[in-house]
Amino acid sequence: WEELTANFALSRVQRIAGCLLLLVFGITCLALAVTFVPVVVLSPSKFAFFFTTGNIFLLGSGMLLVGPAALARAMFDRTRAVASGLYLGSMVLTLIVALWFG
């Protein structure tokens, strides 16, 4: 197991580069979502898709910066567990509805 996990270890520079890349992708998706705000009544699925995808990229950026286990521990701390569960659940449901009915 240790040999397998050692193959996936990233250096500090790789983690920061990945974090910045996902941060740029997330901000780009959120900017695209903002462009769909004027037509959200006509096409809400496009706005929902880009907004949710941007949030997923930003969450991935944080995972690369602090590590997935540390982020999960922080998100599902006793005081934040309900909010984090609702946040992740709403993102999954939003993507399902946006892609299924979009």
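**Exercise 1. Place Ala-98 in the fold: which helix holds Ala-98, and which residues does Ala-98 touch?**

Step 1. Ala-98 lies in helix 5. Helices here are DSSP runs of H or I with at least four residues, numbered from the N terminus. The model is predicted: local features need pLDDT of at least 70, side-chain atom pairs count only at pLDDT 80 or more, and totals for chains, interfaces and linings use all residues. Residues are numbered from 1 along each chain as its sequence is written, and side-chain values use heavy atoms, with hydrogens and water left out.

Step 2. The relative accessible area of Ala-98 is 9%, so Ala-98 is buried. Buried means under 20% relative accessible area, exposed over 50%, and partly exposed in between (1.4 Å probe, protein chains only).

Step 3. Set aside residues up to four places away in sequence. Ala-98 then touches Ser-45, Ala-48 and Phe-49. Contact means heavy atoms within 4.5 Å.

Step 4. Compare a residue far off in sequence. Leu-30 is 68 residues from Ala-98 along the chain, and their C-alpha atoms are 16 Å apart.

**Exercise 2. Explain why the buried residues of helix 5 lie on the same side.**

Step 1. Check the geometry. Helix 5 spans residues 81–101, 21 in number, and reaches 30 Å from first C-alpha to last. That is close to the 30 Å expected at 1.5 Å a residue, where the expected span is 1.5 Å times one less than the number of residues.

Step 2. List the buried residues of helix 5: Ser-84, Met-91, Leu-95 and Ala-98. They cover an arc of only 75° around the axis, which puts them on the same side of helix 5. The arc is that of the directions from the helix axis to the C-beta atoms.

Step 3. Recall the periodicity. An α-helix has 3.6 residues a turn, so residues three or four places apart point the same way.

Step 4. Turn to the other side of helix 5. Val-82, Leu-86, Leu-93, Trp-100 and Phe-101 are exposed there.

Step 5. Find the cover. Helix 3 (44–66) and helix 4 (68–75) are among the elements over the buried residues of helix 5.

**Exercise 3. Describe how helix 3 packs against helix 4.**

Step 1. Helix 3 has 23 residues and reaches 33 Å, close to the 33 Å expected. Gly-67 follows helix 3, with a positive phi near 100°.

Step 2. The two helices pack at an angle of about 115°, with axes 6 Å apart. Axes are lines fitted to C-alpha atoms, for helices over the stretch in contact, and angles run from 0 to 180 degrees between N-to-C directions.

Step 3. Leu-59, Gly-62, Met-63 and Val-66 of helix 3 meet Pro-68, Ala-70, Leu-71 and Met-75 of helix 4. The contact residues divide into 7 nonpolar, 1 polar and no charged. Ala, Val, Leu, Ile, Met, Phe, Trp, Tyr, Cys and Pro count as nonpolar, Asp, Glu, Lys and Arg as charged, and the others, Gly among them, as polar.

**Exercise 4. Is Asn-55 buried or exposed, and what does Asn-55 contact?**

Step 1. Asn-55 sits in helix 3. At 15% relative accessibility, Asn-55 is buried.

Step 2. Neighbours within four places in sequence aside, Asn-55 contacts Leu-30, Tyr-87 and Met-91.

**Exercise 5. How many disulfides does the structure hold?**

Step 1. The structure holds 0 disulfides, a disulfide being a pair of cysteine sulfur atoms within 2.5 Å.

Step 2. Cys-19 is in no disulfide, and its nearest cysteine sulfur, that of Cys-29, is 15 Å away.

Step 3. Cys-19 is buried at 9% relative accessible area, and Cys-29 is buried at 11%.
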